Amino acid sequence: MSFASPLFLWFFMPATLLASWALPRRHRNAVVAAASLLFYAWGAGPHTLLLLSAVVVNYGAGIGLDSARLRDRPRARRGVLLATVGWNVAMLAVWKYAGFATEQIDALTSALGLGHSPIVTLALPIGISFFTFHHLSYVVDVYRGSTPAQRSPVRFVTYIAMFPQLIAGPIVRYHEIAEQLGDTARDRLGDLAAGFPRFALGLAKKVIVADSLASVADAAFAHAGGPINTPTAWLGALAYALQIYFDFSGYSDMAVGLGLMFGFRLPENFARPYSAYSITDFWRRWHMSLSRWFRDYVYIPLGGNRGGAPKTHRNLMIIFVLCGFWHGADWTFLVWGLYHGALLVAERLLGWDRPPGAAWALVLRRGATLLLVVVGWVFFRAESMTEAWGMLRAMFTWQPGELDEFVAFAANHQRMVVFALALTVVALPASPALGPLIQAERGPVAVRLARAAVTWAAAPYAATLVAAGTFSPFLYYQF
């Protein structure tokens, strides 16, 4: 069930809000937990049992790690942690990477003349990368003693399965929301007034902008494996860069807005990433909850930037290999991760990870960073490395020709207006981000006008497009 679908907008969301308002405040978590499991079951079907099994294992592990019995037995406590982490990682590995791994084994045995080997084919459970990371951070935090275990099964299910963030984030660490799970004293009208404009902003970004540009990007990348000319390649690459930003940040806005409407403050996930002055700065602004997760649970335990430059560079490369594979089981994602890791190492070596002093240097650095990010998105979007190299070759060596006829058909006047407006938004100053501003109760006149425009103009128009069947699933649903 997509946030940008008629079923969600006109039935599921209103019904869940009404139930939350009609029942006493103390039942807020139970309403959200039940609605979240229904939401997941609607799209995931039998895979809901996988989610529930993960909930049971990690809920029990958390209580065990926080028990007095294990507190005085460090070796046994560490064993419980390692077993639980291993169970979570194994679950993710089997369901997400078994197919890719067996395909590589089959290719190797075939190349060696040993015949074909079996290939495992499993349907990817939606949201598995996100709820696995939630579970991992929870058990590690309990083990570290930075947060007590959650004793209430209802509150734990609410944390793990909360439908605003279950499918595509943001990744919420337990300590960020633990107090909110216990605080059911709410200003319901205030929550709605703060959350709905933020939700409306995300809906507009997704349906009006991202879905319009999707047709252009899809048409261009469909020809990446064969002859493709330079104008088509650049239009496709830029359209996809804009599509993935407005799609994913739109989802995050909707998630934060939905959370607010139920009385939860979820962490921000985007802070105008295309205004970054370096790749280092880009990762402080893009998918911020994922960056923080890798920093706190992988990078720092590996040693972080302690131990000298070589170990720091090694740790960065490990992080981005994992980041690439976290997004998908394919060589294109691995190359995308290696590409960003190598850029981060190069910036540290050259001193470009620090902000430039002069205004002209900032403009140049922003343009160069955006160009590097767009190149990376080619690997991320391409179906194969052959397609990625074909697109990049056309982008950086002149291949004459007009827009492909299918791309030209997709790039109609309305979509090109959206494309130009989206590029204009990218060129705006690095701060402030509109999302956090638009949910504030008060603000400058310009902010209040923007909130009114989003709520009373953009959102109804987006809803009309949804009713006409022009919406598509969020891109990050596949991860």
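1. In this note a residue is called buried when its relative accessible area is under 20%. The model under discussion is a predicted one, and the points below should be read with that in mind.

2. Helix α3, which runs over residues 48-65, offers a place to apply that term. Its buried residues are Thr48, Leu50, Leu51, Ala54, Val55, Asn58, Tyr59, Ala61, Gly62, Gly64 and Leu65. The cover over these buried residues of α3 includes α2 (28-44), α4 (68-71), α5 (74-111), α6 (128-144) and α7 (153-161).

3. As to its geometry, α3 has 18 residues and reaches 26 Å from its first C-alpha to its last, which is close to the 26 Å expected at 1.5 Å a residue.

4. Turning to the whole protein chain, one finds 21 helices and 0 strands. The radius of gyration of the chain is 23 Å, close to the 23 Å that the globule rule gives for 479 residues, so the chain is as compact as a globular protein of that length. Taken along the principal axes, the box filled by the C-alpha atoms is roughly 70 × 60 × 50 Å.

5. Burial and contacts can be considered together: 54% of the 479 residues of the protein chain count as buried, and, among contacts between residues at least 6 apart in sequence, 78% join residues at least 24 apart.

6. On the surface, the protein chain exposes about 20800 Å², of which carbon and sulfur atoms supply 68%. The chain carries 38 positive and 26 negative side chains, and the centres of these two sets lie 10 Å apart.

Terms used: Residues are numbered from 1 along each chain as its sequence is written. This is a predicted model: local features need pLDDT of at least 70, side-chain atom pairs count only at pLDDT 80 or more; totals for chains, interfaces and linings use all residues. Side-chain values use heavy atoms; hydrogens and water are left out. Helices (H or I, at least four residues) and strands (E, at least two) are DSSP runs, numbered from the N terminus. The radius of gyration is taken over C-alpha atoms; the globule rule is 2.2 Å times the number of residues to the power 0.38. Buried means under 20% relative accessible area, exposed over 50%, partly exposed in between (1.4 Å probe, protein chains only). Contact means heavy atoms within 4.5 Å. Accessible areas come from the Shrake-Rupley method with a 1.4 Å probe; for residues, only the protein chains shown count as cover. Lys and Arg count as positive and Asp and Glu as negative; His and the chain ends are not counted. The place of a charge is taken as NZ of Lys, CZ of Arg, CG of Asp or CD of Glu. The expected span of a helix is 1.5 Å times one less than its number of residues.
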